[in-house]
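Reader: I should like to learn how to read the features of a structure such as this one. Please take me through them in turn.

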Amino acid sequence: MLFRSDAIVVLENVERLMAEKKLTPREAAAAVSSALMYRRERVIFEAAEKGQLKTRDDIAQHVRRIVDDPKIQKPRVLGFFREYFEYQIATEVFKDSPKDLWHRPDQAVRDTDRLVLHIVAEDKDVFRQLLTTRLAFANVKTSTNKQTRQEELQRSLVPNPHNEKGKAPPEELYGLAEWTDKQPFEQPENTRLGILMQPSWLVAWSENFNNDIVRRGRFIRERLLGGTVPDLPIGVAAMIPDDKHRTLRDRVASATHAEKCWRCHQHMDDLGLPFENFDHYGRLLKEDSVLDREATEKNVDKKGKPQGDVFRSVPLDTTGLIAGTGDAKLDGPIRDPRDLVQRIANSDRCRQVWIRHVFRYYFGRNETLADAQTLQNADRAYLDSNGSYKALLVSLLTSDSFLKRSATQ
């Protein structure tokens, strides 16, 4: 078990537990409000003033009310998923917009936001759905219904600057023949699964002109597998050769497989390589391409002036490896990115790692040994509710770790 609570832990923390005191009703109201939103939640504060927020069940009732009510805006719920996956930084990665693609990272981020909110609203097997759903949203925007105060989906057809007729082109990123009014829609089989294959995430974890194998692998190692990777040593200049006649996989290997580099890169590279199934714009690839040096040399005009590079297709390699997790069911060779995310989504270890990140976000600190029981209870609440994120939040926000503080504070 990743969450451990035994006699040793209990004995080590007896003194600390005795020195704790429970939050006052007003303090509990403030803590719950701050955890889920950026303002005071009026009803829970009124309950505190009336003396109706004294027990754990009283607090749980209000947490359920808040998380269940779609009219109550809870920006920190979406905020967690943005902070965890970091797909929103796609807008910070500079890329030229190619003529054959409608590249709008801001729109891609909004589409992923909508997918996350849809999964949370369905509230079933949330962790697995985040990683393996075939559903997606494309080119959508929202507006607030003044009567219901709820956000509603609208279609957003932004003209394509490369199209003289001013019509939006087909959504190549999702393999659609044309824009669809059905939201969410189901993506073709054997193409994309979950957040890690959303264009926003793929762009966020890419470079200006290439995929970023190393950073993608580090993300998976640390965020999903619960591992650690040492920081880049001082004085090391990490450079990937710009050899166009070799695939990115080969170029990265030539730079990272030296013994002094591989000590760290063995924890990252094999986890990022399966995403070579996509280019750095997030488009699905069926083959790779490299510079054909011989054809390029021959590509000259009558006067011998070079006419540009010529590329040739090569088979796409999407294999990878999960290793060093300590979980025999999780470790092993990976065929492609879909195999990778399905292996992670079905892992008890990875689910518990994710719950630890949920804890850190809402508590504003790392977990300690004293929080073992809180984490165990949260994992049990999640499993007993068929993977309900709301049940997970109720468990965490009514735990001793949340409702008690040191008596010295």
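Author: The model is a predicted one. Let us begin with the surroundings of one helix: the elements covering the buried residues of α14 include α7 (126-132), α9, α12 (269-272), β8 (320-322), β9 (332-334) and α15.

Reader: How many residues of helix α14 are buried?

Author: A residue counts as buried when its relative accessible area is under 20%. In helix α14 (residues 337-345), seven of the nine residues are buried, so the helix is largely enclosed by the rest of the structure. The buried residues are P337, R338, D339, L340, V341, I344 and A345.

Reader: What does a side-chain oxygen of D336 reach at the start of α14?

Author: That oxygen of D336 comes to within 3.1 Å of the backbone nitrogen of R338.

Reader: Let us turn to the nonpolar interior. Which residues of the largest nonpolar core touch the most other members?

Author: The general idea is that nonpolar side chains in soluble globular proteins tend to be buried together. Here the largest nonpolar core has 80 residues, and those touching the most other members are L36, F81, F85, I344, W354, Y362 and Y389. Helix α15 provides the largest share of this core, eight residues. Another core, of eight residues, lies apart from it and has L101, A136, L173 and Y174 among its members. I344 thus appears twice in our reading: as a buried residue of α14 and as one of the core residues with the most contacts to other members.

Reader: Which residues does F85 touch, not counting those up to four places away in sequence?

Author: With those neighbours set aside, F85 touches L130, L131, I195, L196, W201, W205, F219 and R223. The last of these, R223, lies in helix α9 (residues 213-224). On the same footing, R223 touches E83, Y84, F85, E86, V353 and H357. One of these partners also makes a polar approach: a polar atom of the R223 side chain lies 2.4 Å from the backbone oxygen of Y84.

Reader: How should I read the salt bridges, and how many are there?

Author: The pairing is between a side-chain nitrogen of Lys or Arg and a carboxyl oxygen of Asp or Glu, within 4 Å. By this rule there are 28 salt bridges. One of them joins K390 and D68, whose closest N and O atoms are 3.7 Å apart. K390 belongs to helix α17 (residues 389-397) and D68 to helix α4 (residues 56-68), so this pair ties together parts that are 322 residues apart in sequence. D68 is partly exposed, at a relative accessible area of 47%.

Reader: Where do D106 and R110 lie?

Author: An α-helix has 3.6 residues a turn, so residues three or four places apart point the same way. D106 and R110 are both in helix α6 (residues 105-122), four residues apart, or about one turn of the helix. Their side chains form a salt bridge of 3.9 Å, N to O. Both are partly exposed: D106 has a relative accessibility of 29%, and R110 has 35%. Together with R104, D106 and R110 make up a network of salt bridges.

Reader: Are D379 and R351 buried or exposed?

Author: D379 counts as buried, at 5% relative accessibility, and R351 is likewise buried, at 9%. The two side chains meet in a salt bridge of 2.8 Å, N to O. This pair links distant parts of the chain, with D379 in helix α16 (residues 372-384) and R351 in helix α15 (residues 348-363), 28 residues apart.

Reader: What is the place of R365?

Author: R365 is in the loop between α15 and α16. Its relative accessible area of 32% makes R365 partly exposed. Neighbours within four places in sequence aside, R365 is in contact with F359, R360, D371 and S401. With D371, the side chain of R365 forms a polar contact of 2.8 Å.

Reader: Finally, which residues lie closest to the centre of the largest pocket?

Author: The largest pocket holds about 1,300 Å³ of space. It is lined by 42 residues, of which E207, N211, I240, L248 and V252 are the closest to its centre. Helix α10 supplies the largest share of the lining, five residues. At least two lining residues come from each of α9, α10 (248-256), α11 (259-265) and β6 (288-291).

Definitions and conventions
Residues numbered from 1 in each chain as written. Predicted model: local features only at pLDDT ≥ 70, side-chain atom pairs only at ≥ 80, totals over all residues. Heavy atoms only, no water. Buried < 20%, exposed > 50% of the residue type's maximum accessible area, 1.4 Å probe, protein only. Core = buried A, V, L, I, M, F, W, Y, C linked by side-chain atoms within 4.5 Å. Contact = heavy atoms within 4.5 Å. Polar contact = N/O pair within 3.5 Å; in protein donor to acceptor, adjacent residues only side chain to side chain. 1 Å grid on protein atoms, 1.4 Å probe; cavity = no way out; pocket = protein on both sides within 12 Å on 5 of 7 lines; lining within 4 Å. Points joined across faces, edges and corners; volume = space filled by probe spheres on them.
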